[in-house]
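Visitor: Can you walk me through this one? I'd like to start with the ligand.

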Amino acid sequence: MIYFDNSSTTSVRPEVLHVYEQVLETVCGNPDSLHQAGRKARTLMEESRKNIARLLGVKPSEIIFTGCASESNTMAIIGYAMANINRGRHILVSNAEHPSVRHAAEALAELDFDVEFLPINDQGIVTPECVRQHMKTDTILVSCMHVNNEMGAINPIGEIADVVHTHPTCVFHADCVQSFSKIDVPFDRLDMATISAHKIHGLKGSGLLMKKQKLKMVPIIQGGQQENGLRGGTSNAPANIALAKTIRLALEEQKETYRKIEQINQYLRRELAKIPGAMINSPDDALPYILNIGFDQMTSEVLLNALDAKGICVSAKSTCSSHSANESEVLKAMGKSKKASTHMIRLSFGKDNTMDEAVQFIKTVKEILNAYGLSL
Ligand code: PLP
């Protein structure tokens, strides 16, 4: 099997699994219990929080462990807006966000917040100038993802943050799920940032929200003192402890993996350009980990199934939207043709992919096109 769907999820690293299993087996306590079993779990979990904070360049008190990035995003949007309603009601969110951001913003609109969606340009990004033009005196929150999960387009989040901070009462959140440990994230310029473990060879059901200490937030999950009163529910200590290892290993390999993936991406772009009817939808300067392509002659679904039958896993749109209507909203928002947005597939690469797999992919695509009578 060739797995080109690493933006949906990744395989877990054996080293991470080892830590998780070891903690699960040997540390049974609840980190909030006062007895020795609880204290042991707490010590390890706080050690992990400290290590993560050091790797991100923030304070340990600014790391909130969550169950996934969708939860982190919901906290950042709804939790922050609800706690700061007295400062203003205007919220800006890019129109290419993951549903966990978009739907959270839509939920706020139902509660009489003034929510505006920022347009992306034909390169799939929100420009700092666009943010500047949309900001109002009562804007309290702007959210824009770092790397778009369908296209790989890289938003200039450091510069957007600078624009946002010209308004002293406004804060900036970035969903860094697809960028973290692939390119550098400017955590020092962000007020809130979201990360998911299972996108970087960690555990499913594990994520975090970085939130600068001074920001007020209401908990979305009520029920306890966990995570500084911001997330009720017994802490998943083994997963939170394993997250430090996940992050450390991902960051250690960032540069080397980037170089390898860049070569794979460049090869695929070169070969695809030679195939009649092939479309490359990702911008030229997109993150190389994500390559959005299509073929004039075949809809997304037909191509995805044909590749699947040949042992190649890709996705059509992002996985979270893969069961909804079959046109990509992101491609539509970029102004791409209806054909591009209904014929696209997303290839997304990870540390275990090889050039041989890329060669095999091109060979297989040609076979499929030939088998459908689309001679090359
Ligand atoms: N944000 C982005 C950009 C994503 O690509 C995804 C998952 O595809 C998420 C958030 C949600 O991640 P999780 O599965 O951890 O909730």
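Guide: A cut-off to begin with: a polar contact is a pair of N or O atoms within 3.5 Å. Keep in mind that this is a predicted model.

Visitor: With that in hand, how far is an oxygen atom of the ligand from the side chain of Lys 199?

Guide: An N or O atom in the Lys 199 side chain is 2.5 Å from a ligand oxygen. Ser 70 has a polar side-chain atom 2.7 Å from an oxygen of the ligand. For Gln 178, a polar side-chain atom also sits 2.7 Å from a ligand oxygen.

Visitor: How much of the ligand's accessible area does the protein cover?

Guide: The protein covers 92% of it. On its own, the ligand has 400 Å² of accessible area.

Visitor: Which residues come nearest?

Guide: There are 13 residues around the ligand. Ser 70, Asp 175, Gln 178, Ser 196 and Lys 199 come nearest.

Visitor: What's the mix in that shell, by class?

Guide: Seven polar, four nonpolar and two charged residues.

Visitor: And which helix gives the most to the shell?

Guide: Helix α3, residues 69–83, with three residues.

Visitor: New topic. What about helix α1, how long is its reach?

Guide: Helix α1 covers residues 14–26, 13 in total. From first C-alpha to last, α1 reaches 18 Å, close to the 18 Å expected.

Visitor: Which residues of α1 are buried?

Guide: Val 16, Val 19 and Val 23.

Visitor: Why do they line one face?

Guide: Down the axis of α1, the buried residues fall within an arc of 65 degrees, so they share one face. In general, an α-helix has 3.6 residues a turn, so residues three or four places apart point the same way.

Visitor: What's exposed on the other side of α1?

Guide: Pro 14, Glu 25 and Thr 26.

Terms used
Residues numbered from 1 in each chain as written. Predicted model: local features only at pLDDT ≥ 70, side-chain atom pairs only at ≥ 80, totals over all residues. Heavy atoms only, no water. Near = heavy atom within 4 Å. Polar contact = N/O pair within 3.5 Å; in protein donor to acceptor, adjacent residues only side chain to side chain. Areas by Shrake-Rupley, 256 points an atom, 1.4 Å probe, with all protein chains shown as cover. Helix = DSSP H or I, 4+ residues; strand = E, 2+ residues; numbered from the N terminus. Nonpolar A, V, L, I, M, F, W, Y, C, P; charged D, E, K, R; others polar. Expected span 1.5 Å × (residues − 1). Buried < 20%, exposed > 50% of the residue type's maximum accessible area, 1.4 Å probe, protein only. Arc of directions from axis to C-beta.
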